[in-house]
Amino acid sequence: MAASVACAFFFDAEPLGEPGRHALDACALCSKPLARNSDIFMYKGDTPFCSEECRYEQMHHDAAYARQAAGSRRKQQQQRSGGRREGGTASVSAAKADVSVAGY
């Protein structure tokens with residue numbers, strides 16, 4: 001009985017800043033309505049998806065966006081440094097140093 005009360009409370013909670021919209025009403029990717037008696041696939045803590053496929057597609061999209069943003073940042077850094085290779089090598093060495101220290 002206690003589990004069903006907790007579950008009902010979870011579905012009835014409203015996210016802050018969005019009054020009237022329940023957190024788990026629809027898939028974040030395809031907007032398919034989510035049934036209360038079906039599996040909900042979560043991503044990044046609070047983003048619901050109707051299936052593993054929708055969740056995977058969003059994860060794939062986020063990874064591609066992150067790669068694109070990293071490439072854009074790298075190009076901007078190269079333009080600022082005048083295309084010199086030394087700046088990139090120093091940052092890689094610093095990153096390696098941080099990784100080895102973090103392991104201890």
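**Notes on the predicted model**

1. A good place to start is Ser 31, in the loop between helix 1 (2-12) and strand 1. Since this is a predicted model, the backbone here may deserve your eye: Ser 31 has a positive phi, near 65°, and is not a glycine. For background, most residues other than glycine have a negative phi. As for its surroundings, Ser 31 is exposed, with a relative accessible area of 52%.

2. Lys 44 makes a nice companion to look at. It sits in the loop between strand 1 and strand 2, and its phi is positive too, at about 55°, although Lys 44 is not a glycine. Lys 44 counts as exposed, at 62% relative accessibility.

3. Stepping back to the overall layout, the chain has 3 helices and 2 strands, arranged along the sequence as α-β-β-α-α.

4. Helix 2 covers residues 52-80, 29 residues in total. From first C-alpha to last, helix 2 reaches 42 Å, close to the 42 Å expected at 1.5 Å a residue. Just after helix 2 comes Gly 82, with a positive phi of about 75°.

5. Which residues of helix 2 are buried? They are Cys 54, Gln 58, Asp 62 and Gly 71. These buried residues pack against strand 1 (41-43) and strand 2 (47-49).

6. Finally, some totals for the chain. Of its 104 residues, 14% count as buried. The chain exposes about 8500 Å², with carbon and sulfur atoms supplying 57% of that area. Among contacts between residues at least 6 apart in sequence, 15% join residues at least 24 apart.

Conventions
Residues numbered from 1 in each chain as written. Predicted model: local features only at pLDDT ≥ 70, side-chain atom pairs only at ≥ 80, totals over all residues. Heavy atoms only, no water. Helix = DSSP H or I, 4+ residues; strand = E, 2+ residues; numbered from the N terminus. Buried < 20%, exposed > 50% of the residue type's maximum accessible area, 1.4 Å probe, protein only. Contact = heavy atoms within 4.5 Å. Areas by Shrake-Rupley, 256 points an atom, 1.4 Å probe, with all protein chains shown as cover. Expected span 1.5 Å × (residues − 1).
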